[in-house]
Amino acid sequence: MSHFAPDSTQYWHPTDTSPLDRNWWRGAVIYQIYPRSFQDQNGDGVGDLVGITSRLEYVADLGVDAIWLSPVFTSPMKDFGYDVSNYRDIDPIFGTLEDFDRLVEKAHALGLKVIIDQVISHTSDRHPWFAESRVSRTNEKADWYVWADPKPDGSPPNNWLSIFGGSAWHWDGRRMQYYLHNFLVAQPDLNFHNPDVQNAVLGEMRFWLERGVDGFRLDTVNFYFHSEGLENNPPVSPESFNASIAPAVNPYNLQDHIYDKSRPDNIAFLKRMRVLLDEYPGKATVGEIGDAQRQLEIMAQYTSGDDMLHMCYTFDYLGGEYTAAHFREAIEATEKAAPEGWICIAFSNHDVVRHVTRWAPHGHEERFTRQAAMLLMSMRGSVCLYQGEELGLGEAELSFEDLVDPYGIEFWPEFKGRDGCRTPMVWQAHIHQGGFSSANRTWLPVPAHHLHNAVDQQENVANSVLEFYRAMLVFRKQHPALARGSISVRHDTPEGVLAFTRTLEDETLFCAFNMTAQPVVYDLAGDVPVTDAGAPGSDGQLDGNRLSFGPFGAYIGRIS
């Protein structure tokens with residue numbers, strides 16, 4: 001447990017004499033590590049904890065504040081760790097609890113916080129809780145999952161759909177009932193209406209808090225509760241159709257998911273979770289909100305006030321368009337919907353096509369990559385970088401035979417799944433498997449076209465994408481307005497230009513981005529006395545009040 005310091009605004013860990021900033025997460029930059037693909041130390045073709053630990057200096061040298069580890073718990077790996085069968089142990093493919101402890105110890109020694117994925121909306125069907133629950137309708141855990149009788153004709157209880165395709169209900173012959181699974185059949189949903197379930201999952205989180213983690217990324221945080229009435233979801237209206245949560249080919253998008261997720265009951269549980277976190281000062285939560293129609297409203301509910309989650313991320317920037325209009329609308333909608341909330345912004349992660357591939361016009365990848373990094377680290381919120389993003393990696397093209405993601409296998413070829421963003425990290429261009437593994441075959445192939453972006457091809461190389469990310473992270477740290485300041489979007493911009501100011505105390509920065517492949521001139525209003533702030537990648541030319549951009553040009557200046 002941590003102890004109060006004489007100054008009640010700060011805390012000390014008993015083994016650490018440095019003061020702890022309870023709000024370190026606000027404006028922090030978090031580096032997401034997908035453990036299967038970061039570094040394989042034991043040569044089995046799959047990344048592991050010892051491998052991650054061996055590469056932590058690299059992560060610390062980037063200048064980030066924390067790492068987020070995708071799940072490393074015991075799992076049958078039907079959904080690659082997002083199907084947990086034991087919340088209190090490490091899957092042997094990744095190592096041991098002792099390996100995890102050493103990782104945390106080294107990360108802390110390097111000044112890095114450690115956030116772990118917490119997947120509590122569902123478990124694996126191999127979890128002992130589910131094994132007991134499905135035995136009968138009268139056992140102690142009979143009500144720990146969402147069970148329902150069939151309709152008289154034997155069909156599922158209602159029309160709810162799984163994100164991974166088909167009905168969200170699966171028949172179990174032992175109980176002669178259906179159980180709910182919002183994802184794979186092998187991922188039954190827990191019943192959060194049962195207080196025992198809430199107590200159990202909070203107990204699993206306490207286990208890791210006691211082990212020294214600095215917080216949790218909460219998978220599908222708006223999926224915890226369902227409507228006990230099991231009402232049919234209505235169809236979504238044509239004007240509200242949105243394919244940001246699931247691919248456009250998925251019929252999941254055709255429903256308005258008002259009964260199977262995003263329920264008001266969740267608020268009270270998240271407050272219970274915050275009470276637990278507050279027992280361990282300096283810990284933080286970041287929730288994943290998957291709701292195409294109401295994500296900002298939910299983000300506001302879940303992060304406003306000091307008794308809820310610390311921050312959440314939505315899918316505004318993990319999909320959508322890379323246009324000034326989309327970003328302006330998304331920023332202003334966030335500010336309007338959640339003025340007291342806090343967003344964690346990412347352009348790429350383990351679930352979406354890498355943003356260079358998603359957004360960059362052909363022939364402009366290099367300039368786009370730099371501008372996107374500048375923009376990401378200039379917007380209001382905390383930031384999440386996905387491993388390999390700092391190398392400028394695009395999506396890997398994989399053959400159907402190489403796919404392992406059940407989501408991609410189900411919807412191929414219109415949707416190729418998530419394997420293309422999960423391929424192994426490339427460390428050394430001319431070493432076997434890019435330096436990721438000594439194995440002859442890795443769990444996903446190392447893409448040959450990624451090798452020229454490898455770390456050893458960019459480290460200490462002037463003007464490389466890697467060194468640009470490092471420089472931009474330094475610049476962000478030097479200017480607290482970028483990390484924690486307010487944001488005000490400007491409306492005097494020409495088409496294709498996004499501009500805003502970031503203000504904290506006596507510092508105001510003016511940030512402008514030409515988000516097109518064409519040169520643009522921006523005539524600033526006369527009331528903007530701007531001087532260059534020395535930001536890396538700031539290549540817009542200011543002549544008087546006239547700001548000239550090349551394709552994907554950017555400018556950051558001080559307003560005096």
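Select Val521 first and look across the sheet: in this predicted model, Val521 stands opposite Ser548 in strand S23. Now widen the selection to the two strands that hold this pair, S20 and S23 (residues 546-549), which run antiparallel and are joined by 4 bridges. Another of the pairings to pick out is that of Asp523, whose bridge partner in S23 is Arg546.

Stay on S20 and display its side chains, which alternate along the strand: Val520 and Tyr522 point to one face and are buried, whereas Val521 and Asp523 point to the other face and are not buried. This follows a general habit, since in a regular strand the side chains alternate between the two faces of the sheet.

Next, add strand S22 to the view, and the open sheet of 3 strands appears in the order S20-S23-S22, with antiparallel pairing. The edge strands here are S20 (520-523) and S22 (541-543), each of which pairs on one side only. From one strand to the next, the twist averages 20°.

From S23, follow the chain into the loop between S23 and strand S24 (554-559), where Phe552 is found. The backbone deserves a look at this point, because most residues other than glycine have a negative phi. Phe552, although not a glycine, has a positive phi of about 50°. Is Phe552 buried or exposed? Its relative accessibility is 4%, so Phe552 counts as buried.

Move now to strand S4 (residues 29-33), which is mostly covered, with 5 of its 5 residues buried. With the side chains shown, Val29, Tyr31 and Ile33 point one way from S4, while Ile30 and Gln32 point the other way, and all of them are buried.

Keep Tyr31 selected, and look to its neighbours in the sheet. Which residue is the bridge partner of Tyr31 in strand S16? In S16 the partner is Leu385, and the two strands, S4 and S16 (residues 382-386), run parallel and are joined by 4 bridges. In strand S5, the bridge partner of Tyr31 is Ile67; S4 and S5 (residues 66-69) also pair in the parallel sense, over 4 bridges.

For another open sheet of 3 strands, select S9, S11 and S10, which lie in that order and pair in the antiparallel sense. Its edge strands are S9 (147-148) and S10 (169-172), each pairing on one side only. Between S9 and S11 (residues 177-180), which run antiparallel, there are 2 bridges, and Ala148 has Tyr178 as its bridge partner in S11.

The next stop is the loop between helix H11 (406-411) and helix H12 (455-458), where Ile431 has its place. With a relative accessible area of 44%, Ile431 is partly exposed. If you draw a distance from the C-alpha atom of Ile431 to that of Asp143, which is 288 residues away along the chain, the viewer should show a separation of 53 Å.

In the loop between H11 and H12 you can also select Gln433, whose phi is near 55°, a positive value in a residue other than glycine. Gln433 is buried, its relative accessible area being 16%, which falls under the 20% limit for that label.

Pro413 lies in the loop between H11 and H12 as well, and the peptide bond that leads from Trp412 to Pro413 is cis, with omega near 0°. For comparison, most peptide bonds are trans.

Go on to helix H13 (residues 465-478) and set its length against expectation: at 1.5 Å a residue, its 14 residues should span 20 Å, and the end C-alpha atoms are 20 Å apart, which agrees. The residues of H13 that are buried are Val465, Leu466, Phe468, Tyr469, Arg470, Met472, Leu473, Phe475 and Arg476. When you view them along the helix, keep in mind that an α-helix has 3.6 residues a turn, so residues three or four places apart point the same way.

End the tour at the largest pocket, which has a volume of about 890 Å³. Which residues are the closest to the centre of this pocket? Of the 44 residues that line the pocket, those closest to its centre are Asp351, Val352, Val353, Phe415 and Arg418. If you colour the lining by class, you should find 21 nonpolar, 11 polar and 12 charged residues.

Note on methods:
Residues are numbered from 1 along each chain as its sequence is written. This is a predicted model: local features need pLDDT of at least 70, side-chain atom pairs count only at pLDDT 80 or more; totals for chains, interfaces and linings use all residues. Side-chain values use heavy atoms; hydrogens and water are left out. On a 1 Å grid over the protein atoms alone, a cavity is a set of points where a 1.4 Å probe fits but cannot get out, and a pocket is an open set with protein on both sides within 12 Å along at least five of seven lines; lining residues have an atom within 4 Å of a point. Grid points are joined across faces, edges and corners, and a volume is the space filled by probe spheres set on the points. Ala, Val, Leu, Ile, Met, Phe, Trp, Tyr, Cys and Pro count as nonpolar, Asp, Glu, Lys and Arg as charged, and the others, Gly among them, as polar. Two strands pair if DSSP finds at least two bridges between them. Axes are lines fitted to C-alpha atoms, for helices over the stretch in contact, and angles run from 0 to 180 degrees between N-to-C directions. The expected span of a helix is 1.5 Å times one less than its number of residues. Buried means under 20% relative accessible area, exposed over 50%, partly exposed in between (1.4 Å probe, protein chains only).
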